[in-house]
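Biologist: Before us is a model that I should like to learn to read feature by feature. Would you guide me through it, giving the idea and then the case?

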Amino acid sequence: MLSLIGKRLMFAIPSLIGVIIVTFLLTRALPGDPAAYFAGPSADKNAIEEIRKKLGLDKPLIEQFFRYTADLAHGDFGNSLTTGQPVATEIRNRLPASAELTLLGLIVSIVIAIPLGILAATRPGSWIDHLCRITTTAGVSLPVFFTGLVLVYVFYFRLGWSPAPLGRLDVFATTPPSVTNFYLIDSLLARDWEAFRSSFNQLILPTATLAIFSLAPIARMTRASMLAILSSDFVRTARASGLSPRTVIVTYAFRNAMLPVITTLSMTFSFLLGANVLVEKVFAWPGIGSYAVEALISSDFAPVQGFVLTMAVMYVMINLIIDILYGVIDPRVRLEG
């Protein structure tokens, strides 16, 4: 297992280097001039050139790249031109908000999708099988921002059941003492039930938006994988041996069907990281996705580069966790490693 983890980490290094190079080049290729943007519409050419020199944009591209990588080696992502704050600090403050929303959406989708896929596979042609197909088709077809807007319109504007989609807490709640920066956990640790209620209510609609988007591929893969395993010889042998249906499904079929489901979970999590950007804008969520969008609009290079690099590192870590789970579930993976 240690050999397998070491190999995966070695393969991840070239990927991260490629992400750094591509992100740097793409941000420089974006339309718009940051110096002109921050100088203002009334600035003359001399003022714009002065700002360009202060930002280091007058240097050759290769020199800018080596300067950027040297700063990265020291853990410096640069400073945001719009806020004036270090990008690393901004990402560190905003990342828990995005992580709390993404992880909760993934957990909700897993809790719904996996049982739904198992029931659909064990009862093909039944009403629950048709429900699974309709749910997965709708989840894949509906854009995530459209789902979020519909939920806001129905549950906030029409019914009034949900609070205003304006961040992690409503205006009457106070931020709990910072321990993990996950408001649900921090409010529980502080026994601040008002903050817990407020943060939970604010999470319902964005979590439901992400869960609807992510449960479709998980449920579909669970159903397909379970159907393939249930028709295999060893499952028929287990049934012929007189084992209970629950034992056959849970102990034999589901464990062998887990590998493709886990692969789908890793891909779904990466999809959620991208979808989270749109969801944060719809619900005014103060995460790194909305931070990156605001920086992109203002041609602020450093936050965009920091955001992409953070997402790449998270994606590599998720794939490493998936590889470890492979080894736990299937011993053959450890032998290959």
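Modeller: The dialogue below goes from the overall chain to individual residues. Please keep in mind that this is a predicted model.

Biologist: How many helices and strands are there in the protein chain?

Modeller: The protein chain has 15 helices and zero strands. Its C-alpha trace spans about 85 × 55 × 40 Å along the principal axes.

Biologist: What share of the residues counts as buried, and how much accessible surface does the protein chain have?

Modeller: Burial is judged by relative accessible area, with under 20% counting as buried. Of the 337 residues in the protein chain, 41% meet that criterion. The accessible surface is about 18,200 Å², and carbon and sulfur atoms account for 68% of it.

Biologist: What do the contacts say about separation in sequence?

Modeller: One takes contacts between residues at least 6 apart in sequence and asks what share joins residues at least 24 apart. In this protein chain that share is 73%.

Biologist: How many positive and negative side chains are there, and how far apart are the centres of the two sets?

Modeller: There are 26 positive and 22 negative side chains, and the centres of these sets are 11 Å apart.

Biologist: Let us turn to rings. How many aromatic pairs are counted?

Modeller: Two rings pair if their centres lie within 6.5 Å, and planes neither under 30 nor over 60 degrees apart make the pair tilted. By this rule the count is four aromatic pairs. One of them joins Phe155 and Trp161, with 6.1 Å from centre to centre and 45 degrees between the planes, so it is classed as tilted.

Biologist: Are the two partners, Phe155 and Trp161, exposed or partly exposed?

Modeller: Phe155 has a relative accessible area of 27% and is partly exposed, whereas Trp161 is exposed, at 66%.

Biologist: Which charged residue sits over the ring of Tyr183?

Modeller: The charged end of Arg168 does, at 3.7 Å from the ring centre. Tyr183 is also touched by Thr175, as is Leu169, when residues up to four places away in sequence are not counted. Thr175 belongs to the loop between helix 7 and helix 8. Its C-alpha atom is 31 Å from that of Leu215, a residue 40 places away along the chain.

Biologist: How should a positive phi be read?

Modeller: Most residues other than glycine have a negative phi, so a positive value deserves a look. Asn181 has a phi near 70 degrees. Asn181 is located in the loop between helix 7 (144-158) and helix 8 (183-189), and is partly exposed, with a relative accessible area of 26%.

Biologist: What is the phi of Arg191, and where does this residue lie?

Modeller: Phi of Arg191 is near 55 degrees, again a positive value in a residue other than glycine. Arg191 is in the loop between helix 8 and helix 9 (193-230), and its relative accessibility of 66% makes it exposed.

Biologist: How does distance along the chain compare with distance in space?

Modeller: The two need to be read separately, and helix 6 (residues 127-141) offers a pair of cases, one of which is Arg133. Arg133 and Phe146 are 13 residues apart in sequence, with their C-alpha atoms 20 Å apart. Ala138 also lies in helix 6, and Ala138 and Ile212 are 74 residues apart in sequence, yet 8.4 Å apart from C-alpha to C-alpha.

Biologist: How accessible are Arg133 and Ala138?

Modeller: Arg133 counts as partly exposed at 42%, and Ala138 is likewise partly exposed, at 33%.

Technical notes. Residues numbered from 1 in each chain as written. Predicted model: local features only at pLDDT ≥ 70, side-chain atom pairs only at ≥ 80, totals over all residues. Heavy atoms only, no water. Phe/Tyr/Trp six-rings, centres within 6.5 Å; stacked < 30°, edge-to-face > 60°. Buried < 20%, exposed > 50% of the residue type's maximum accessible area, 1.4 Å probe, protein only. Lys NZ or Arg CZ within 6 Å of the ring centre and 35° of its normal. Helix = DSSP H or I, 4+ residues; strand = E, 2+ residues; numbered from the N terminus. Contact = heavy atoms within 4.5 Å. Areas by Shrake-Rupley, 256 points an atom, 1.4 Å probe, with all protein chains shown as cover. Lys, Arg positive; Asp, Glu negative; His and termini not counted. Charge placed at Lys NZ, Arg CZ, Asp CG, Glu CD.
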